[in-house]
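Here is a short set of exercises with worked solutions. Try each task before you read on.

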Amino acid sequence: MPDLQENVISNHSTTSGGLELTVVIPVFNEVDNVERMVAALDAALLDIKWEAVFVDDDSPDGTANKITDVAKVDPRVRLIHRVGRRGLSSAAIEGMMSSTAEYVAVIDGDLQHDERILPEMLQSVREGADIAIGTRYVEGGSTGDWDETRERISRFATWVSHKMTRVELNDPMSGFFLLGRETFLLVVHDLSGLGFKILLDILTTAKPALKIAEVPYTFREREEGESKLDTSAAWDFSMLLIDKNIGKLIPVRFVSFAFVGGLGVFVHFLALTAMFQMVGKSFLWAQTTAMITSMVFNYWLNNLLTYRDRRRTGMRWITGLISFVVICSLGGAANVGVANFLYGEQTHWVLSALAGILVGAVWNYAATSLYTWRN
Ligand code: GDD
Ligand code: MN
């Protein structure tokens, strides 16, 4: 009988080792960039055993089909096709988790990051850095033809993240980096996975701090498709920073929900003033309209920001609104009930009111996250 174990070992030793590098490419509506991307990697990674893992969030433009076609003729190409989820950070995380290679890299799928520096990034991690970052701001790097506003926003975000994370970096907004898979596994459990700043997430999570190597490159113009990181990217960014600072105490979604609720009070008073003072409706009528207005406003904004990854659209927007209104009405009743009870127990009226608001807000948050925006 053949010795099974010996067989396995000898088989293993005859193959020339495993994969060196998994290149993770999050994509959303990048159908015209898939082939270009694979060709670019092919040209850049000459002496490296690599694979490309595209992570597609069910793009309506047929990106996943295109990747499948390419993978049929190129076994180095893999696809992770996600449904019901969106998000650059979580796509990058899942791509890296699917790797068995020694090193993992993340790169944009629109050829704006220069893949030709990947060998240098790999080299610097092999030589002792924990993570190599493709960076636009060191000498030799450039932002290409960015317009002034974008440059300013980027510089501001860089400054804020310096202040809040204390990580010294030239380009903390970069989404282009490479690290050992083992290094990634050390931090992955504590990542927040929110929004699109996966690099910042990794750097602020790692304890002790990672040894960084920055590799400069020129950010290229996008030739095909369009950018997905709209204005709510700024919101995502703030949420990530909040999560990294107080996320252990208060869930960041609750912070967002409460913030929207605060704006809702403001909207309520706007509507009330308009109806009561300006249009001259009765107080009851004005207060009722104002309440409805602020509820719809809260639903709308939470759907856009707080739950942007589970956003409801079309018919589901309407049904979501109904469940939101029902739940928040119960929350309102709990608010008044608790406040009234405490007030009856000789609690100061301000404290009673605040306690009522807190109970109502927590209820609204918990119940709408379970029903209105359930995962
Ligand atoms: N799977 C998935 N899901 N991929 C996504 C999603 C998503 O929800 N949103 C965007 N992507 C993909 C895009 O298809 C693209 O390959 C890459 O992520 C970057 O998206 P862009 O929309 O091209 O981003 P950008 O050019 O504005 O942002 C660049 O600058 C940022 C710094 O300001 C990127 O380099 C970012 O990585 C970088 O953080
Ligand atoms: Mn881009």
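The exercises below concern a predicted model.

**Exercise 1. The sheet**

Find the order of the seven strands in the open sheet, and name its edge strands.

Solution.
- Step 1: Go across the sheet strand by strand. The order is 3-2-1-4-6-5-7.
- Step 2: Check the directions. The pairing is mixed.
- Step 3: Look for strands that pair on one side only. These are strand 3 (77–81) and strand 7 (212–216), the edge strands.
- Step 4: Consider the twist. Neighbouring strands are turned by 20 degrees against each other on average, with direction ignored.

**Exercise 2. One pair of strands**

In which sense do strand 1 and strand 2 pair, parallel or antiparallel?

Solution.
- Step 1: Recall the rule. Strands of a sheet pair through backbone hydrogen bonds, either parallel or antiparallel.
- Step 2: Apply it. Strand 1 and strand 2 (residues 50–56) are parallel, and seven bridges join them.
- Step 3: Pick out one position. V24 faces V53 of strand 2.

**Exercise 3. Helices on the sheet**

Which strands does helix 4 lie across, and which does helix 8 touch?

Solution.
- Step 1: Start with helix 4. It lies across strand 1, strand 2, strand 3, strand 4 (103–106) and strand 6 (177–180). Its direction is at about 150 degrees to strand 1.
- Step 2: Turn to helix 8 (residues 198–205). It packs on the sheet and touches strand 5 (131–135), strand 6 and strand 7. Helix 8 makes an angle of about 145 degrees with strand 5.

**Exercise 4. The ligand**

How many residues surround ligand 1, and which are the closest?

Solution.
- Step 1: Count the shell. It holds 25 residues; the closest are E30, R86, D108, K197 and K228.
- Step 2: Sort them. Nine are nonpolar, six are polar and 10 are charged.
- Step 3: Check polar side-chain atoms against oxygen atoms of ligand 1. For R86 the distance is 2.6 Å. For D108 it is 2.5 Å. For H113 it is 2.6 Å.
- Step 4: Ask how much is covered. On its own, ligand 1 has 750 Å² of accessible area, and the protein covers 96% of it.
- Step 5: Trace the shell to its elements. Strand 1 (21–27) and helix 4 (88–97) each give two or more residues.

**Exercise 5. Backbone exceptions**

Where are the cis peptide bond at P208 and the positive phi of N29?

Solution.
- Step 1: Recall the usual case. Most residues other than glycine have a negative phi, and most peptide bonds are trans.
- Step 2: Take the bond from K207 to P208. It is cis, with omega near -5 degrees. P208 sits in the loop between helix 8 and strand 7.
- Step 3: Take N29. Its phi is near 55 degrees. N29 lies in the loop between strand 1 and helix 2 (34–44).

Methods: Residues numbered from 1 in each chain as written. Chains lettered and ligands numbered in written order. Predicted model: local features only at pLDDT ≥ 70, side-chain atom pairs only at ≥ 80, totals over all residues. Heavy atoms only, no water. Near = heavy atom within 4 Å. Polar contact = N/O pair within 3.5 Å; in protein donor to acceptor, adjacent residues only side chain to side chain. Areas by Shrake-Rupley, 256 points an atom, 1.4 Å probe, with all protein chains shown as cover. Helix = DSSP H or I, 4+ residues; strand = E, 2+ residues; numbered from the N terminus. Nonpolar A, V, L, I, M, F, W, Y, C, P; charged D, E, K, R; others polar. Pairing = 2+ DSSP bridges. Axes fitted to C-alpha atoms, helices over the stretch in contact; angles between N-to-C directions. Contact = heavy atoms within 4.5 Å.
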